[in-house]
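New notebook page. I'm jotting down what I looked up, in the order I got to it.

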There are 2 protein chains.
Amino acid sequence: MISVEEARTRILKHITSLPTISVPLSEAIGLVLARDVIAQENIPPFANSAMDGFALKSQDSRPHEGKPARLRIIGEVAAGYVAQQVVIPGTALRIMTGAPVPEGADTVIQVELTQSVSSSEPRTQEAQVDILSEVAPGNNIRLAGEDMQRGQTVLTAGTEIGPWEIGILATLGWATVPVIRRARVAILGTGDEIIDVDQPLQPGKIRNSNSYLIEAAVRRAGAEPIRLGVARDTLASLHEKFLQAVTCDLIITSGGVSVGDFDLVKQVLTEEGQMEFWRINMRPGKPVAFGHIGSVPLIGLPGNPVSTAVTFELFARPVIRKMQGQQRIIKPQAPVIVEQGIPDRASRRHYVRAHVEWQQGQLVAHPTGNQGSHIMTSLRNANALVIVPENGESIPPGGTAMAIMLDWPEVELAQ
Amino acid sequence: MISVEEARTRILKHITSLPTISVPLSEAIGLVLARDVIAQENIPPFANSAMDGFALKSQDSRPHEGKPARLRIIGEVAAGYVAQQVVIPGTALRIMTGAPVPEGADTVIQVELTQSVSSSEPRTQEAQVDILSEVAPGNNIRLAGEDMQRGQTVLTAGTEIGPWEIGILATLGWATVPVIRRARVAILGTGDEIIDVDQPLQPGKIRNSNSYLIEAAVRRAGAEPIRLGVARDTLASLHEKFLQAVTCDLIITSGGVSVGDFDLVKQVLTEEGQMEFWRINMRPGKPVAFGHIGSVPLIGLPGNPVSTAVTFELFARPVIRKMQGQQRIIKPQAPVIVEQGIPDRASRRHYVRAHVEWQQGQLVAHPTGNQGSHIMTSLRNANALVIVPENGESIPPGGTAMAIMLDWPEVELAQ
């Protein structure tokens, strides 16, 4: 038997990034930047006002003989426009947030610190404003290049593009973005006992849950799933499905990789590819296979649905993330308190499905019940896998164990 | 000014779940179950073998006069088939994992605990097998209904459908699933200074980052974004855009909701809808509006891109999640250590963008630099918002503060 870590290392050694493609900005979310993003312009492109108020010369804001400075309003400028007027001594220009600072002004005072002057003869007097506070040069002015400078590396290759990165790319004018493309993942179920989801049960048959679970998990990993259906336990059927599968970036099969007599999948995989069939020191999920059909990597997950679910998380998800250019490929672990303990007599490392939540500043784990590898309900409400080590010791009530946190963001694989 | 909590409460009070629709199982991921799922069948539907091995009567496994029991192999049954043979005393049926337990057998022994018997005269002797270990009744048998029983409520309405729930639904034959449908969210930018992402900069203009950032954030929240472009600062333009927007479930605008003279958005919103214009005790993001155009809720976010980003997270995202039937609608908070401290002299509550990571078992926060509300680079590498309370006290170096963890899963709003 090999350890989970050994299996994962062996698999990941064969996985490299997919090629770079260019996508419209709106389609880049969740993908990884393939190249550094270097600003071609200063952002902001021009000095602009941070407030609604008046642009003026700072020396004009000083009170005069104990009274507020009174300035002549020479016009106004809104965001999106450029003032034609020049602010000369004794004048001010009404300015809105985001508008470029007009020539001649070196500061902006917010409207709340001013008072309009009503004129007794509106037709002959020009509008005036009283400046109620002295302001220093540069007040309320956002300088050109204050955010990003021309030539600055703003985002680096390898960055996952989230909504906030999209905002930065839009600001810089990147209408299309170079990214590592999504993986296309073929999903193949095996077994004569499998019928499709919309079929009524017949004697001896069960429904195809693995293919749908894997399809959803692939989608959640950000890749594009292609469900190829179920290969029947005949050579012809398997060969035909594999012909389709090799047009993808990754093949995931479920079932057919353990020791039984009728595991034709194993036979075909051995003939058509270079495969290794492992027994991994883990429960659920001992039989896992890995290899290639031609140049396409293939991960063979066990047939038991809970084993499929757990081995996907431990092996397939990191493969997909690595293919898609991510640095952070595995889920983090955290120490959790298992209130009821876990009496465990298995010799293989046990990944116990559990619901973990914060209680008074600590992470507390509640296993989901019957942990049999065919018990789908053990997957309900499970956001973590509590690890019971392979030395055969149980976790006492109130004891601490490490848990894989399935809905926290990924972290880098420790080297 | 009103607090963030007050604004959020007022908004959410108006928000209810969207209607239920039926979707194919493959399209259900990330959506919320609209009805309880009750098993219509026992799962497993039939008692089946957990191992590859032999089905037999348990009393036939006892050694006989010191030698292993030797049984006559009467046939074999693979997963997906039903044995025609009956296991009578002295006989065993070869059985594969998942195959139904044949009539007459009450236990299964794994193949590793048996030994085939080679016959000297293969044509006349029937195949035989030696049973090397005594096994109790029920060994290696998965009972019918052991996972789910007919009539059992397996998943409850309100459950978010992840890959593992998809597996359970597939097992139960739910080819289509009743879910709360996705929200259609109209996105409208405002401002004459805004040009589109693929345009070269012109004097006084900046690019439309808000609409792309909001679009990506809406998509990440699981809703369907509809970008309506930028409404120019004219009544006609705004009216025309709102006509389109009211066909959606939610409208999000950016810009135009603060005190300035040229904020026609405010004028139109007041005329066409019932709107409230708030000043929220927060930085960035003080001016936020909320109301309805007809029956469609509208959230008016500030124009500054960082303010847009942060107010989306605090106000719009919980609205979308609540509309889509989620119970867990807000991001969790956790205590973080701010190594360098945050010297803060603002009177409004400050949401400092920071990168938080685990260091030796503690969460440590590193603010992202210049926190100006127009500084897009303050959004880089930010996975948390460190909260500096509104009492004006700073956070000393090494001090602890609460942080909103932006990439952890949501939690319920405390009542």
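What rotation and what shift along its axis superpose chain A on chain B? I got a rotation of 180° with 0.0 Å of shift, at an RMSD of 0.1 Å. So the two copies are related as by a two-fold rotation axis. Worth remembering here: this is a predicted model.

Next I checked which C-alpha of chain A is nearest that axis. It belongs to Trp408(A), 2.8 Å away from the axis. I also compared the contact surfaces: 100% of the contact residues of chain A recur in chain B, so to speak the same surface serving both copies.

Then domains. The assignment for chain A lists four entries I copied down:
- Domain 1 covers 4–18 + 182–330.
- Domain 2 covers 20–44 + 146–180.
- Domain 3 covers 48–142.
- Domain 4 covers 333–410.

I looked up one spacing as well: the C-alpha centres of domain 2 and domain 4 of chain A are 40 Å apart.

Last, a helix pair in chain B. I picked α3(B), residues 209–220, and α6(B), residues 305–323. Their axes are 10 Å apart and the packing angle is about 30°. Angles under 35 degrees count as roughly parallel, so that is what I wrote for α3(B) and α6(B). Their crossing is right-handed.

Who touches whom? From α3(B) I noted Leu213(B), Ile214(B) and Val218(B), among others, and on the α6(B) side the list includes Ala309(B), Phe312(B) and Ile320(B). The residues of this contact split into 8 nonpolar, 3 polar and 2 charged.

Definitions and conventions: Residues are numbered from 1 along each chain as its sequence is written. Chains are lettered from A and ligands numbered from 1 in the order in which they are written. This is a predicted model: local features need pLDDT of at least 70, side-chain atom pairs count only at pLDDT 80 or more; totals for chains, interfaces and linings use all residues. Side-chain values use heavy atoms; hydrogens and water are left out. Domain bounds come from an automatic or database domain assignment. Axes are lines fitted to C-alpha atoms, for helices over the stretch in contact, and angles run from 0 to 180 degrees between N-to-C directions. Helices (H or I, at least four residues) and strands (E, at least two) are DSSP runs, numbered from the N terminus. Angles under 35 degrees count as roughly parallel, over 145 as roughly antiparallel, 65 to 115 as roughly perpendicular and the rest as oblique. A crossing is left-handed if the near helix is turned anticlockwise from the far one by less than a right angle, and right-handed if clockwise. Contact means heavy atoms within 4.5 Å. Ala, Val, Leu, Ile, Met, Phe, Trp, Tyr, Cys and Pro count as nonpolar, Asp, Glu, Lys and Arg as charged, and the others, Gly among them, as polar. Copies are superposed by least squares on the C-alpha atoms of residues with pLDDT of at least 70 in both.
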